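Let's take a walk through this fold, one piece at a time. Have the structure open and follow along.

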Amino acid sequence: MPGPTDTAVVLGTFDGVHAAHAKLIGETRAKAPEARVVAVTFDRIPGSVLGLDGKSQQIVSCDDKVMLLKRAGADEVRILSFDRSLSETEPEDFFKRIVLDELKAGSLAVGYDFRFGNRG
């Protein structure tokens with residue numbers, strides 16, 4: 001039975017699943033070769049909920065994103081519903097509740113521009 005450190009989480013919006021996303025997944029697998037690599041992403045672009053300037057429409061559908069993340073090397077893909085409630089989650093609560101408690105991550109990788117929870 002897998003233990004709590006047997007999951008390596010890669011977390012991000014992953015819209016388009018480009019070369020840098022594939023590299024993040026590959027580097028995660030290389031650093032934790034025995035772990036199950038779980039890509040965690042969102043069902044929509046955060047800007048579409050937050051009303052921020054910038055990107056607000058997805059490049060690919062969620063189904064395509066799942067396929068592309070698995071093709072890039074993720075063993076599993078989890079899609080979180082990005083809504084107002086999730087956007088207001090404090091960073092520490094998001095990390096504890098989702099990354100540690102729910103996913104039981106032994107390691108976590110994010111892109112250079114990822115921010116946790118409300119006000120990142």
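Start at A39: its bridge partner in β3 is V77. That pair sits in a model that is predicted, so keep that in mind as you look around. Zoom out a little and you'll find that β2, which covers residues 36-42, is joined to β3 by five bridges, with the two strands running parallel.

Now bring in the rest of the sheet. It is an open one made of four strands, and reading across you get β3-β2-β1-β4, with parallel pairing. On the edges are β3 (76-80) and β4 (107-110), each of which pairs on one side only. From one strand to the next, the twist averages 25°.

Next, look at the helices that lie across these strands. Helix α3, residues 62-71, lies across β2 and β3, and runs at about 145° to β3. Helix α5, residues 91-102, lies across β1 (7-11), β3 and β4, and its angle to β3 is about 150°.

Stay with α5 for a moment, and find F95, which has its place in this helix. Is F95 buried or exposed? Neither, quite: its relative accessible area is 32%, so F95 counts as partly exposed, a class that lies between under 20% for buried and over 50% for exposed.

F95 also has company on the surface. Together with L100, L108 and V110 it forms a nonpolar patch, and the four share about 270 Å² of accessible area. Both α5 and β4 chip in here, each supplying at least two residues of the patch.

Methods
Residues are numbered from 1 along each chain as its sequence is written. This is a predicted model: local features need pLDDT of at least 70, side-chain atom pairs count only at pLDDT 80 or more; totals for chains, interfaces and linings use all residues. Side-chain values use heavy atoms; hydrogens and water are left out. Two strands pair if DSSP finds at least two bridges between them. Axes are lines fitted to C-alpha atoms, for helices over the stretch in contact, and angles run from 0 to 180 degrees between N-to-C directions. Contact means heavy atoms within 4.5 Å. Patches are made of residues with over 30% relative accessible area and no salt bridge: like charges are joined within 9 Å, nonpolar side chains (Val, Leu, Ile, Met, Phe, Trp, Tyr) within 5 Å. Accessible areas come from the Shrake-Rupley method with a 1.4 Å probe; for residues, only the protein chains shown count as cover. A salt bridge is a side-chain nitrogen of Lys or Arg within 4 Å of a carboxyl oxygen of Asp or Glu. Buried means under 20% relative accessible area, exposed over 50%, partly exposed in between (1.4 Å probe, protein chains only).
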